[in-house]
Structure formats: structure tokens, C-alpha cells
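Grab a coffee and work through these exercises with the structure open beside you. Try each task before reading its solution.

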Amino acid sequence: MEVHHPHHPTHKKKWSEYIIEFVMLFTAVTLGFIAENIREHQAEEKKSKELLEVVARDFETDIKNLNNTKEAYIIKDKQCDTLLELINLPASKIPEKKYYELLYYYNVFWMFNPTEKSRNEAESKGLFFKKENSELAFYVSRFNFFLKDYKSLDDLMITQAKICGFELIPHISDPNVYPDVNKRERIDPNKLGVSNFDPASILRLKYLIGNMKDEINYYKLDIDSLTYYANKAIAVIEKSK
């Protein structure tokens, strides 16, 4: 006895159904691709904004350091004036302790070290080349311009310090006193008169002090410009949040 199973006729798809399925599949893949691109773009935008916020915080740090440096140079400018007044006196009338302290601090200066890591990273990622960041890019470029000028003043300061330290101080100081300038208790604050006071070297020191005062003024101008453009950059970043 044979058992026969009835055969159900198979549905033959029309070309239109194949096309619809293809379109639906293509649409699903395309939408998935677009959604992934949107997510990646949003993630990149978020990272970019976070990086620019770090740039703003680093600018704020730079401003604080610049303000401290400016105050230090204002003090140094006054010290230069006082040193000039002292070396215009006869050697026998110069307060020894004050003279040696000012002579020592003449060679002290402050090198501004900017927090550039975040700005360099933002630039390497092309954030400053985006059209929407063009204003920020301008302020950063101006900041860098005055920073370069500031660094050139550091080079001049180093040169002056070497001239004073190696060429002049041996001729305008007592080798038995100058090494103790940091040990102030060893120098009598009431003693008048300094020895080894070479007039020719003192004249050179006067010229150096004049140059120093000019450079301090340039420092202050650069610091004002750096602070101005740093604040402008911060304002742009804050506005874009």
C-alpha cells in the first residue's frame, strides 16, 4: 500500500517582490551605516568640545602664571632702580648688604612655561582649521606670535645674566662676601662700603641695567598681549558650549 503526500504548490515570486526585498535590505543597511556615522560624528564632536574645554582651562592657568610673572618683573624693575641709585654713590657709602642682595637678584628672572599640550593636540587634530573655529584659531595664532616674542626676551635675559655673572661681578664684588649673599645672617646689614668696585665695570653694569629695564617693559607688553588673546580664546570656547 503506497502513501501519497499531497504536494503544495510553491509560490513563485514576482520580480517586483524581489525588488522590494532588495530595496528594504539596502535601506536597512544604509540606515544602519548612516546611524553609525552619526554616532561616530557625535562622539568626535563631544571629544572635540572636551578638548577645547581643556584648552580653555590651560589658557586660564597661563593667565595666572603670566600675572604672577608680571608682578615679579614690576618688583625687579624697582630693584633695578635701587641698584642704579646705589652704584651712583661712592663705594664707601654703599650699604653692603643691600648692594649684594640687589646684585644677586639682578641675575634672577622668570621664564614663562606655557601649558601647550592641549593646544598642540587640538591643532594636530585640525580643530583650529574648522570654519566654525576660525575666530578661535585667530586668537591662538596671535597668542603664539607674542609667545615667540616673549621667548626671544628670555634669550636676551640669559645673555645679560652671563655677561653680568661671568664678566662683571668678579670686578664689582668681594669674593669673600658675594658667595654669602644667600646666607644673609653672615652679612652685616649696618656696614657701609664695598670693595673691589671697578669703575669701568660699574659703567658697563649701568648700561646693562638700562637694557634690563627696557626688556622688562617689553616683557610687560608681551604679557598684556598674551593675557588679552588668552581671554579672547577662552570667551570663544565658552560661547560655543
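A residue counts as buried when its relative accessible area is under 20%. Keep in mind that this is a predicted model.

**Exercise 1.** Work out what share of the chain is buried.

*Solution.* Start with the chain length, which is 241 residues. Apply the cut-off, and buried residues come to 36% of them. Then turn to the outside: the accessible surface is about 15800 Å², and carbon and sulfur atoms hold 58% of that.

**Exercise 2.** List the secondary structure elements of the chain in order.

*Solution.* Count by type to get five helices and zero strands. Reading from the N terminus, that gives α-α-α-α-α.

**Exercise 3.** Decide how α2 runs relative to α4: parallel or antiparallel?

*Solution.* First find the helices: α2 spans residues 96–106 and α4 spans residues 134–172. Next, take their packing angle, about 150 degrees, with the axes 10 Å apart. Angles over 145 degrees count as roughly antiparallel, so α2 is roughly antiparallel to α4. Now look at who touches whom: Y99, L103 and Y106 of α2 meet Q160, C164, I169 and I172 of α4. Sorted by class, this contact has six nonpolar residues, one polar and no charged.

**Exercise 4.** Do the same for α4 and α5, and find the handedness of their crossing.

*Solution.* Helix α5 covers residues 199–239, and its axis comes within 9 Å of the α4 axis, crossing at roughly 160 degrees. By that same cut-off of 145, α4 is therefore roughly antiparallel to α5. The crossing is left-handed. Finally, sort the contact residues: 28 are nonpolar, five polar and nine charged.

Terms used:
Residues are numbered from 1 along each chain as its sequence is written. This is a predicted model: local features need pLDDT of at least 70, side-chain atom pairs count only at pLDDT 80 or more; totals for chains, interfaces and linings use all residues. Side-chain values use heavy atoms; hydrogens and water are left out. Axes are lines fitted to C-alpha atoms, for helices over the stretch in contact, and angles run from 0 to 180 degrees between N-to-C directions. Helices (H or I, at least four residues) and strands (E, at least two) are DSSP runs, numbered from the N terminus. Angles under 35 degrees count as roughly parallel, over 145 as roughly antiparallel, 65 to 115 as roughly perpendicular and the rest as oblique. Contact means heavy atoms within 4.5 Å. Ala, Val, Leu, Ile, Met, Phe, Trp, Tyr, Cys and Pro count as nonpolar, Asp, Glu, Lys and Arg as charged, and the others, Gly among them, as polar. A crossing is left-handed if the near helix is turned anticlockwise from the far one by less than a right angle, and right-handed if clockwise. Buried means under 20% relative accessible area, exposed over 50%, partly exposed in between (1.4 Å probe, protein chains only). Accessible areas come from the Shrake-Rupley method with a 1.4 Å probe; for residues, only the protein chains shown count as cover.
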